[in-house]
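Here's a quick briefing for anyone about to open this one in a viewer. It starts with the pockets, then goes through the sheet, the helices and a few local details.

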Amino acid sequence: MVLSRALRCLIIGPPGSGKGTISSRIVRDFALKHLSSGDLLRAQISHKTDVGMMAKGFIDRGELVPDSVMVSLITAELIKMDKHGWLLDGFPRTVPQADALQEKQKIDHVINMNVPFDEIKSRLTARWIHSASGRVYNLEWNPPKSPGVDDETGDKLVQRPDDTPEAVQERLNTYQRQTQPVLDYYSKHGILQTFTGRESNKIWPHVYDFLATKMTPVN
């Protein structure tokens, strides 16, 4: 059944899962507003709002922004979009955040990108850069002409610290540890929809078909 009111959705997925690709297609085909918690936080700080400056104080001290501040920041922005459907990305990250958000802005559906970690590791560790120019290569779809060296200078390519196999595995482990309780929370509420696959182009038709039962596509 297609909802008559604006749809409120979350999208959750590990780094390298194709979450950005799927989000952009949801925005394109269903006209939802895409809201990134990171972008919202930076905007609030840039505009020197009360909650933005409060958050900045914690960040400047090297502390985590408390749940209460993050919930206030996010909900303040969502209230402005009460008549628009939206897709929230990057929040909530904890069960207390999820609970507080659900009290203030009832979520209709949570889209969970379930991409095998071995696939994600392959994607992220395939990225190499030329330090001097910033040129980026990907061993799978944009490899250098000669292995390990920059096409233009012949200089040796390097990996960013975040892209090494060990760093990627640690990021994925952290994601799993932090996110699983949130997924369990939404599963218990009956609003979690998990889409499993190795390629965004194969996952997307299933996401599209699901959302098309909830609202009318614009494309």
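The largest pocket in this predicted model holds about 470 Å³ of space. Its lining is made up of 22 residues, and the ones closest to the centre are Gly13, Lys19, Gly90, Arg93 and Tyr175. There's also a second largest pocket, with a volume of about 350 Å³.

**Largest pocket**

- Four elements each give two or more residues to the lining of the largest pocket: S1, helix H1 (19-30), H2 and H7.
- H7 makes the largest contribution here, with 6 residues of the lining.
- Sorted by class, the lining of the largest pocket comes out as 10 polar, 8 nonpolar and 4 charged residues.

**Second largest pocket**

- This pocket has 13 lining residues, and nearest its centre you'll find Leu64, Val65, Met70, Arg93 and Gln97.
- H2 and helix H4 (67-79) are the elements that supply two or more residues to the lining of the second largest pocket.
- The largest share of that lining is from H2, at 3 residues.
- The class split for the second largest pocket is 5 nonpolar, 6 polar and 2 charged residues.
- Arg93 turns up in both central lists: it's among the residues closest to the centre of the largest pocket, and among those nearest the centre of the second largest pocket.

**The sheet**

- How are the strands ordered in the open sheet? Going across, the 5 strands run S2-S3-S1-S4-S7, and the pairing is parallel.
- The edges are strand S2 (33-36) and strand S7 (192-196), each of which pairs on one side only.
- On average, neighbouring strands of this sheet are turned by 25° against each other, ignoring direction.
- S2 is paired with strand S3 (residues 86-89) in the parallel sense, over 4 bridges.
- Within that pairing, His34 has Leu87 in S3 as its bridge partner.

**Helices on the sheet**

- Helix H2 (residues 37-46) packs on the sheet and touches S2 and S3, with its direction at about 70° to that of S2.
- H2 is also the element that gives the second largest pocket the largest share of its lining.
- Helix H7 (residues 165-188) lies across strand S1 (8-12), strand S4 (109-114) and S7. Relative to S1, H7 runs at about 150°.

**Around Arg123**

- Arg123 sits in helix H6 (residues 117-125).
- Which backbone oxygen does the side chain of Arg123 reach? That of Arg198, at 2.4 Å.
- Neighbours within four places in sequence aside, Arg123 is in contact with Gly16, Ser17, Gly18, Val115, Asn138, Glu140, Arg198 and Glu199.

**Backbone details to check**

- As background, most peptide bonds are trans, and most residues other than glycine have a negative phi.
- Phe91 and Pro92 are joined by a cis peptide bond, with omega at about 5°.
- Pro92 belongs to the loop between S3 and helix H5 (95-104).
- Ala31 isn't a glycine, yet has a positive phi of about 60°.
- You'll find Ala31 in the loop that links H1 and S2.

Technical notes. Residues numbered from 1 in each chain as written. Predicted model: local features only at pLDDT ≥ 70, side-chain atom pairs only at ≥ 80, totals over all residues. Heavy atoms only, no water. Pairing = 2+ DSSP bridges. Axes fitted to C-alpha atoms, helices over the stretch in contact; angles between N-to-C directions. Contact = heavy atoms within 4.5 Å. Polar contact = N/O pair within 3.5 Å; in protein donor to acceptor, adjacent residues only side chain to side chain. 1 Å grid on protein atoms, 1.4 Å probe; cavity = no way out; pocket = protein on both sides within 12 Å on 5 of 7 lines; lining within 4 Å. Points joined across faces, edges and corners; volume = space filled by probe spheres on them. Nonpolar A, V, L, I, M, F, W, Y, C, P; charged D, E, K, R; others polar.
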